[in-house]
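Good morning, and thank you for making time for this short presentation. Please take a moment with the sequence and the structure before I begin.

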2 protein chains.
Amino acid sequence: MKQTQREQPQRDREKPGPRRPRVSLSTIARAAGVSISTVSRIANGQLNRANPQTVARVQALLETTGYRPDNIGRSLRHGRSRIVAMLAPNLTNPAMAAIASATETALREAGYVMILCDTHDEPALQDEYLAAMRSQSVEGYVVVSGLATAMLEAFVEGGEPVVFVGRRPALRGRPAPFVGIDNRGAGAMAADHLLERGLRRFGLIHSATSSSAIEERVAGFRARLAERGVPASAIGTGMSLELQHLFAGYAATRQLVEAGGWPEGLFAVSDLMAYGAYRLAREAGIHVPRDCVIVGIDDNILNAWIAPWLSSVHVPYESFGTAILAQLRARWEGRGGGDALLPYRLVARADDACE
Amino acid sequence: MKQTQREQPQRDREKPGPRRPRVSLSTIARAAGVSISTVSRIANGQLNRANPQTVARVQALLETTGYRPDNIGRSLRHGRSRIVAMLAPNLTNPAMAAIASATETALREAGYVMILCDTHDEPALQDEYLAAMRSQSVEGYVVVSGLATAMLEAFVEGGEPVVFVGRRPALRGRPAPFVGIDNRGAGAMAADHLLERGLRRFGLIHSATSSSAIEERVAGFRARLAERGVPASAIGTGMSLELQHLFAGYAATRQLVEAGGWPEGLFAVSDLMAYGAYRLAREAGIHVPRDCVIVGIDDNILNAWIAPWLSSVHVPYESFGTAILAQLRARWEGRGGGDALLPYRLVARADDACE
DNA sequence: CATAGTTTGGCAAACGTTTGCCAACGATGT
DNA sequence: ACATCGTTGGCAAACGTTTGCCAAACTATG
């Protein structure tokens, strides 16, 4: 109700421009003196359904006119639009951009095009996009860091081909296909890195734990420290609900520091949060990594160039694309895809920023 | 596959194909006992074309069934798909991501959705995408850093609504709408910044000058230095054809340094190239900005957080979205949009990376 | 010459939507 | 009784494509 009313005023107002005369099957058919069906069949490679002469004539026309089948008509005919929708929060996050880029490439090579939707991490926007995409008859939904909403749940339950990436929203129903990493393991790996450096006082900053990924990373980090004998009292924590991870990292670190001073080793659940911590450290005159070692997760490409002080658990976003495509294919073929957990590794960097 | 069938007792055919039972106008019409036309009119807000009783009944059904008009049918009817295509090279470039994000937001608010295509800066891929998008009946093309190809030229000449962003490809025909900045001015501003710091020996690194934007930035930089009395002999140049600007910056700087040593002030035509230069400087033991001041163009968001040594000409990518939408609207309404040149400003940063 | 089989190609339906046109119907005015 | 008019709502065409089915026109076989 609300939706339809909102859409109407705009739609009626704008004028459709003069549409260019497109070459359609009927154009060719008229020119060749055959029926539309014949042209369609020849264009689709059924060369045995017509006289060789006719085939040649039609093929020549297809060639010279530069005919390209109209996807709208085709989509209408059989439900397939060759479009896949990707919903992501905040495209300006380098990790999201990397996922989007890899997915786009994989889909294109498979003959699909990708519609990219920025949900800004807002449930309402996510739902609006889901509805809009369904009305585009998209063939698949790639939901990056999705939010658990009733509509998303309905999509999954209704059998729509949804693949979750990075974070698994807390949905009640049957499990949906997933692409990501073992977040607990990544958190543990970060802990190992700090331990191997012989540090004693640790810090941990994270954003809202409503997200499964964040929660698991934190849990993995904590568990590993506990395993290796670090008392809980030696682990400070900072948290921020800021949506922008840069700001969240800054705020969480301040909270952490105000409570217990600067730690020797700091774990940030994402590289962006690590950047936020770095800014505060600079402002406070704390030298990274001499005074405080920071380890993040993501290993953004830029780290190698301008953040030589940041160790990070590398997540292979470049290969997310093919994994996502594989999961979609599995759903299309009726196979229920399980989890695709990709390998991660620690990239240690300990350079002073000014050599 | 067998398992899902067992789990779903009487679910309709999920196996044969991706056909889902959609609620269409005819569904509603049958249920309400009226014709499809009537439902269509009511759904589109023509409430005066039917008996109030009928209207109420149909509206109730639209509500309860959650009807959403199918965009494919609608697109087929009148050529409008409510889709705009954006073609960009390399989504992982933060500047591109920022443009994509802003454009997506502006388009969504206007009721459009955006298809994002990564051309990887390859002419063939750009053309392939142009053709594919036309067969989707997209209503507009946003070409970021486009490449001059015959097909792109044909699109512009044919009157397709194309808006160029950032870089203006060298097309022979009439000028097409453009969104970007005054690149000459930005280059000059960078020169001013270095001059104001009292430096004497300058360096300039750039990528392929086939792009109008790069060429203009370089020209603006050079012109301003000349104006203010700097002899050409005091300006070293490095160039690289690497497509990835990070690598290009590294390679170009090496070329520059090998020829004439490290300059006091270095201008990079993009922030990514500046990052490349920074890496080489670190490896060479050159301190930035003490030994060498670097100024770039773009002012990526991350600079404020992890590149406090980099001054940059800030480009307002956040506001590119609305400017692009305005240009598209102008084209749709038949007005020929001229250039939309947005304001830029220098953001000076001179902090030591380790305080 | 009759029957059967093959090639060649058109007809029409279907997908979902919008919209110009027309037909009932009732009410009002003369 | 008749003309006029507004209301209500259906019919059908159109957008471009694919495809099952049927019908000619041949060809081969008996």
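I shall go through the domains, the relation between the two protein chains, the two DNA strands, and finally some local features.

Please keep in mind throughout that this is a predicted model.

Let me begin with chain A. The domain assignment divides chain A into domain 1, covering 21–69, domain 2, made of 83–181 + 318–341, and domain 3, covering 183–314. Between the centres of domain 1 and domain 3 of chain A, taken over C-alpha atoms, there are 63 Å.

Next, the relation between the copies. In general, a rotation about an axis and a shift along it relate two copies of a chain. Here, a turn of 180° with a shift of 0.1 Å along the axis lays chain A on chain B, with an RMSD of 0.2 Å. The two copies are therefore related as by a two-fold rotation axis. Both copies use the same surface, in that 88% of the contact residues of chain A recur in chain B. Which residue of chain A comes closest to the rotation axis? That residue is A:Ile115, whose C-alpha lies at 2.2 Å.

I turn now to DNA strand C. There are 27 residues around this strand, and those that come nearest are A:Thr38, A:Asn51, B:Leu25, B:Tyr67 and B:Arg77. A:Thr38 places a polar side-chain atom 2.7 Å from a phosphate oxygen of DNA strand C. Base oxygens of the strand are approached as well. A backbone N or O atom of A:Arg77 lies 3.3 Å from one base oxygen of DNA strand C, and a polar side-chain atom of B:Arg41 lies 3.5 Å from a base oxygen of DNA strand C. The elements that contribute two or more residues to this surface are, from chain A, α3 (36–43), α4 (52–65) and α5 (71–77), and, from chain B, α3 (36–43) and α5 (71–77). By residue class, the surface near DNA strand C holds nine nonpolar, 11 polar and seven charged residues. On the side of the DNA, 55% of the atoms of strand C within 4 Å of the protein belong to sugar or phosphate, and the rest belong to bases.

Now DNA strand D. Here 26 residues surround the strand, and A:Leu25, A:Tyr67, A:Arg77, B:Thr38 and B:Asn51 come nearest. Which side chain has an N or O atom 2.8 Å from a phosphate oxygen of DNA strand D? It is the side chain of A:Arg74. The side chain of B:Arg41 has an N or O atom 2.8 Å from a base oxygen of DNA strand D. B:Leu76 uses its backbone, with an N or O atom 3.2 Å from a base oxygen of DNA strand D. Two or more residues of this surface come from each of α3 and α5 of chain A, and from each of α3, α4 (52–65) and α5 of chain B. The residues near DNA strand D divide into nine nonpolar, 10 polar and seven charged. Of the strand D atoms within 4 Å of the protein, 54% are in sugar or phosphate, with the rest in bases.

I close with local features, starting with the backbone. The peptide bond from A:Val288 to A:Pro289 is cis, with omega near 5°. A:Pro289 sits in the loop between α12 (271–284) and β9 (293–298) of chain A. In chain B, the peptide bond from B:Val288 to B:Pro289 is likewise cis, with omega near 5°, and B:Pro289 is in the loop between α12 (271–284) and β9 (293–298) of that chain.

Two residues other than glycine deserve a mention for positive phi. A:Ser145 has a phi of about 50° and lies in the loop between β3 (140–144) and α8 (150–157) of chain A. Is A:Ser145 buried or exposed? With a relative accessible area of 12%, A:Ser145 is buried. B:Asp121 has phi near 60° and is placed in the loop between β2 (113–118) and α7 (123–134) of chain B.

My last residue is B:Asp192, in helix α9 (residues 183–196) of chain B. Its relative accessibility is 15%, so B:Asp192 counts as buried. Leaving aside residues up to four places away in sequence, B:Asp192 touches B:Arg224 and B:Arg228. The side chains of B:Asp192 and B:Arg224 are joined by a polar contact of 2.5 Å.

Note on methods:
Residues are numbered from 1 along each chain as its sequence is written. Chains are lettered from A and ligands numbered from 1 in the order in which they are written. This is a predicted model: local features need pLDDT of at least 70, side-chain atom pairs count only at pLDDT 80 or more; totals for chains, interfaces and linings use all residues. Side-chain values use heavy atoms; hydrogens and water are left out. Domain bounds come from an automatic or database domain assignment. A residue is near a molecule or strand if one of its heavy atoms lies within 4 Å of it. A polar contact is a pair of N or O atoms within 3.5 Å; within protein, one must be able to donate a hydrogen and the other to accept it, and residues adjacent in sequence count only if both atoms are side-chain atoms. Helices (H or I, at least four residues) and strands (E, at least two) are DSSP runs, numbered from the N terminus. Ala, Val, Leu, Ile, Met, Phe, Trp, Tyr, Cys and Pro count as nonpolar, Asp, Glu, Lys and Arg as charged, and the others, Gly among them, as polar. Buried means under 20% relative accessible area, exposed over 50%, partly exposed in between (1.4 Å probe, protein chains only). Copies are superposed by least squares on the C-alpha atoms of residues with pLDDT of at least 70 in both. Contact means heavy atoms within 4.5 Å.
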